[in-house]
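Shall we read a structure together, one feature at a time? Bring your questions, and we will work from the whole chain down to single residues.

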Amino acid sequence: MTTLTPYAAIGGEQAILSLVDRFYFYMDTLPEAQGLRAIHQPSLASAKSKLFKFLSGWLGGPNLFIEEFGHPMLRARHLPFAIGESERDQWMLCMNKALDEMTMDPQLKTNIQNALQQLSTHMINQEPAQ
């Protein structure tokens, strides 16, 4: 019995490319995501490429990120950036909007959203303002 990976279930490479494109579209245009956009380079090309490669492997497709950069070590790679709850929430806003545009099983979408919420929360490296 073959298990369908999330990568295959949502449409493979083209679906991930579309998801990443829509995610960065929202990050680049939503006023609510200005804080998140501000911690990125003016050009989003490198960030798009890295997120695509990461999501490819994370969702069960080719491990493109690991092949090029080694273990993701996401928290360590994000330590140079000030990430608080606000940045996490902005990231999830953009990702959820992008995911909402995709055709997929509703339970799979919920599972992906929940996993990304946990992952993005793990990236927080700033204490909440008191």
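The dialogue below goes through this predicted model.

Q: Where do I begin: how many helices and strands does the protein chain have?

A: Start with the count and the order of the elements. Here the secondary structure comes to 8 helices and 0 strands, and from the N terminus on the elements run α-α-α-α-α-α-α-α. The radius of gyration of the protein chain is 15 Å, close to the 14 Å that the globule rule gives for 130 residues, so the chain is as compact as a globular protein of that length. Its C-alpha trace spans about 50 × 30 × 30 Å along the principal axes.

Q: What share of the contacts in the protein chain join residues at least 24 apart?

A: Set local neighbors aside and look at contacts between residues at least 6 apart in sequence: 68% of these join residues at least 24 apart. As for burial, 38% of the 130 residues count as buried. The protein chain exposes about 7700 Å², with carbon and sulfur atoms supplying 54% of that area.

Q: And the charges: how far apart are the mean positions of the positive and negative ones?

A: Average each set and compare the two points. The protein chain has 10 positive and 13 negative charges, and their mean positions are 3 Å apart.

Q: How do I check a single helix, and what span should α4 have?

A: Use the rise for each residue. At 1.5 Å a residue, the 14 residues of α4 (residues 45-58) should span 20 Å, and the end C-alpha atoms are 20 Å apart, which agrees.

Q: Which residues of α4 are buried?

A: A general idea helps with helices: an α-helix has 3.6 residues a turn, so residues three or four places apart point the same way. In α4, the buried residues are Ala47, Leu51, Phe52, Lys53, Phe54, Leu55, Ser56 and Gly57. They pack against α1 (6-10), α2 (12-29), α5 (64-69), α6 (74-78), α7 (85-100) and α8 (106-122). Ser49 also lies in α4, but it counts as partly exposed because its relative accessibility is 29%, between the 20% and 50% cut-offs. The C-alpha atom of Ser49 is separated by 24 Å from that of Leu4, 45 residues apart along the chain.

Q: Which residue just after α4 takes a positive phi?

A: Backbone angles are worth a look where a helix ends. Gly60, just after α4, has a positive phi of about 100°.

Q: What is the phi of Met73, and where is this residue placed?

A: Met73 is not a glycine, yet its phi is positive, at about 40°. Met73 sits in the loop between α5 and α6, and its relative accessibility of 45% makes it partly exposed.

How values were computed
Residues are numbered from 1 along each chain as its sequence is written. This is a predicted model: local features need pLDDT of at least 70, side-chain atom pairs count only at pLDDT 80 or more; totals for chains, interfaces and linings use all residues. Side-chain values use heavy atoms; hydrogens and water are left out. Helices (H or I, at least four residues) and strands (E, at least two) are DSSP runs, numbered from the N terminus. The expected span of a helix is 1.5 Å times one less than its number of residues. Buried means under 20% relative accessible area, exposed over 50%, partly exposed in between (1.4 Å probe, protein chains only). Contact means heavy atoms within 4.5 Å. The radius of gyration is taken over C-alpha atoms; the globule rule is 2.2 Å times the number of residues to the power 0.38. Accessible areas come from the Shrake-Rupley method with a 1.4 Å probe; for residues, only the protein chains shown count as cover. Lys and Arg count as positive and Asp and Glu as negative; His and the chain ends are not counted. The place of a charge is taken as NZ of Lys, CZ of Arg, CG of Asp or CD of Glu.
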